[in-house]
Amino acid sequence: MTQDNAPTTTVTLPLAPGQWPFDPLHSAVNFTIRHLGIAKVRGRFREVTAELYVGERAEEIQVTAEIALASIDTGNSDRDAHTRAADLLDVEKRPTMTFRSTRVTGSGEDWSMEGELTIGEVTRPVTLAVEFGGVGDFDGRRHAGFEATGEIRRSDFGLDFGRGMLSDVVKIQLDMEFMEPEGK
């Protein structure tokens with residue numbers, strides 16, 4: 001029992017405990033932002049690293065990720081170059097965006113991951129809805145897939161450029177695949 005007398009539950013995980021290596025070839029970090037309030041600009045970040053540690057219980061899951069902001073790709077090289085510039089993202093000053101989970105809860109296919117997102121020198125809490133896609137065998141190794149979605153506000157991170165032109169809300173979608181630890 002917990003301190004508030006609520007029963008505790010332990011979620012059995014369908015993943016072997018250990019450090020699951022990231023599979024960048026089958027993963028993507030995408031975003032959507034409204035332009036002029038009327039259209040969506042979609043993009044992705046091409047350089048991503050991530051780590052997944054699975055413990056015996058859901059409370060022991062830890063996820064970290066790092067994204068190179070200069071790897072932004074919106075399908076328009078001129079727009080990407082301007083977005084990297086000092087008056088917008090300023091990738092010289094803010095080279096990376098990092099995420100570190102602080103709590104994972106859920107069961108089955110539906111999970112929630114709380115964590116800290118850092119862009120430049122600003123760190124804010126963020127919660128992602130996570131869908132566990134399952135596990136499958138590929139090249140003699142088990143892989144696990146996840147989709148995480150959420151929203152952040154640019155202004156929370158001091159990225160308030162383009163007011164009126166760009167929405168403050170950025171929707172994020174991460175499709176992540178990890179490989180089972182060797183020897184499991």
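# Notebook: one chain, one open sheet

**Entry 1. The whole chain.** I began with the surface: the accessible surface of the protein chain comes to about 10,800 Å², and carbon and sulfur atoms hold 49% of it. I note here that the model is predicted. I then looked up the extent of the chain, and its C-alpha atoms fill a box of roughly 50 × 45 × 30 Å along the principal axes. The chain has 184 residues, of which 41% count as buried. For contacts with a separation of 6 or more, I found that 55% join residues 24 or more positions apart. I also checked the charges: there are 20 positive and 31 negative ones, and their mean positions are 6 Å apart.

**Entry 2. Helix and strands.** I counted one helix and eleven strands in the protein chain. Along the sequence I read the pattern β-β-β-β-β-β-α-β-β-β-β-β. How are the eleven strands ordered in the sheet? I wrote down β1-β4-β5-β7-β8-β9-β10-β11-β2-β3-β6, an open sheet with antiparallel pairing. The edge strands are β1 (18-21) and β6 (72-73), and each of them pairs on one side only.

**Entry 3. From β8 to β11.** I followed a run of neighbours in the sheet. Strand β8 (residues 110-119) runs antiparallel to β9, and ten bridges join them. Here I found tryptophan 111 opposite valine 130 in β9. Next I took strand β9 (residues 122-138) and strand β10 (residues 141-153), which pair in the antiparallel sense over nine bridges. Glutamate 131 has glutamate 147 in β10 as its bridge partner. I looked at the turn as well: β9 and β10 form a hairpin with two residues between them, and aspartate 139 in that turn has a positive phi of about 55°. The last step was from β10 to strand β11 (residues 166-179), an antiparallel pairing over eleven bridges. In this pairing I noted phenylalanine 146 opposite methionine 176 in β11.

**Entry 4. Aromatic rings.** How many aromatic pairs does the structure hold? I found four. Phenylalanine 132 and phenylalanine 146 form a tilted pair, 5.3 Å centre to centre with 40° between the planes. This pair links phenylalanine 132 in strand β9 with phenylalanine 146 in strand β10, 14 residues apart. I looked up the burial of phenylalanine 132: its relative accessibility is 12%, so it counts as buried. Phenylalanine 146 also pairs with phenylalanine 178; the ring centres are 6.2 Å apart and the planes stand at 65°, so I entered the pair as edge-to-face. Since phenylalanine 146 is in strand β10 and phenylalanine 178 in strand β11, this pair ties together parts that are 32 residues apart in sequence. Both phenylalanine 146 and phenylalanine 178 are buried. I closed the entry with the cluster that ring pairs make of Phe22, Phe132, Phe146 and Phe178.

**Entry 5. Valine 170.** I placed valine 170 in strand β11. Is valine 170 buried or exposed? I entered it as buried, because its relative accessible area is 11% and the cut-off for buried is under 20%. Leaving out residues up to four places away in sequence, I listed its contacts as Phe31, Thr32, Ile33, Gly150, Glu151, Ile152 and Arg154. For threonine 32 I also looked up the C-alpha separation from valine 170, which is 5.9 Å, although the two are 138 residues apart along the chain.

**Entry 6. Alanine 129.** I found alanine 129 in strand β9. With a relative accessible area of 43%, alanine 129 is partly exposed. Beyond four places away in sequence, alanine 129 touches Trp111, Glu147, Ala148 and Thr149. I checked glutamate 147 further: its C-alpha is 8.1 Å from that of alanine 129, and the two are 18 residues apart in sequence.

**Entry 7. Threonine 83.** My last residue was threonine 83, which lies in helix α1 (residues 77-84). Threonine 83 has a relative accessible area of 16%, so I entered it as buried. Which residues does threonine 83 touch, not counting those up to four places away in sequence? I listed Ile72, Leu88, Leu89 and Asp90.

How values were computed:
Residues numbered from 1 in each chain as written. Predicted model: local features only at pLDDT ≥ 70, side-chain atom pairs only at ≥ 80, totals over all residues. Heavy atoms only, no water. Helix = DSSP H or I, 4+ residues; strand = E, 2+ residues; numbered from the N terminus. Buried < 20%, exposed > 50% of the residue type's maximum accessible area, 1.4 Å probe, protein only. Contact = heavy atoms within 4.5 Å. Pairing = 2+ DSSP bridges. Areas by Shrake-Rupley, 256 points an atom, 1.4 Å probe, with all protein chains shown as cover. Lys, Arg positive; Asp, Glu negative; His and termini not counted. Charge placed at Lys NZ, Arg CZ, Asp CG, Glu CD. Phe/Tyr/Trp six-rings, centres within 6.5 Å; stacked < 30°, edge-to-face > 60°.
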